[in-house]
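Please look through the sequence and the structure shown below, and then follow this short report on two parts of the model.

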Amino acid sequence: MLIKLTNVSEGHMGDPIWINADNIVSLFQFAKVPNGSLTTFVYGSTGVTWEVEEAPGEVLKLIGLHEQMKRK
């Protein structure tokens, strides 16, 4: 399943990015310096990392895991 996120990596700010949710291994939120804006890093199974605007909870909702995580 593909999910649509918002790219925030340098040179691609605001561009849509489609990621195969089956390839997501982990994600975490990080404050970028110097402006302190929050960015979510999405790590893929092939070693690729994407920087996206959406918070981790939103990414989990898009891939259908948010409700499962709340129950644990």
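Is Asn7 buried or exposed? In this predicted model, Asn7 has a relative accessible area of 9%, and because buried means under 20% relative accessible area, Asn7 is buried.

Asn7 lies in the loop that runs between β1 (2–6) and β2 (16–20). Its side chain makes a polar contact of 2.7 Å with the side chain of Ser9. When the neighbours within four places in sequence are left aside, the residues in contact with Asn7 are His12, Met13, Gly14, Asp15, Ile17 and Glu51.

The second part is strand β4 (residues 38–44), in which five of the seven residues are buried, so that β4 is largely enclosed by the rest of the structure. Strand β4 pairs with β3 (residues 24–31) and also with β5 (residues 49–52), and the table sets out these two pairings.

| Strand pair | Sense | Bridges |
|---|---|---|
| β3 and β4 | antiparallel | seven bridges |
| β4 and β5 | antiparallel | four bridges |

Single residues show how these pairings look in detail: Tyr43 in β4 is the bridge partner of Ser26, while Val42 stands opposite Trp50 in β5. As a general point, the side chains of a regular strand alternate between the two faces of the sheet.

Strands β4 and β5 form a hairpin with four residues between the strands, and in this hairpin Gly47 takes a positive phi near 90 degrees.

Technical notes:
Residues numbered from 1 in each chain as written. Predicted model: local features only at pLDDT ≥ 70, side-chain atom pairs only at ≥ 80, totals over all residues. Heavy atoms only, no water. Buried < 20%, exposed > 50% of the residue type's maximum accessible area, 1.4 Å probe, protein only. Pairing = 2+ DSSP bridges. Polar contact = N/O pair within 3.5 Å; in protein donor to acceptor, adjacent residues only side chain to side chain. Contact = heavy atoms within 4.5 Å.
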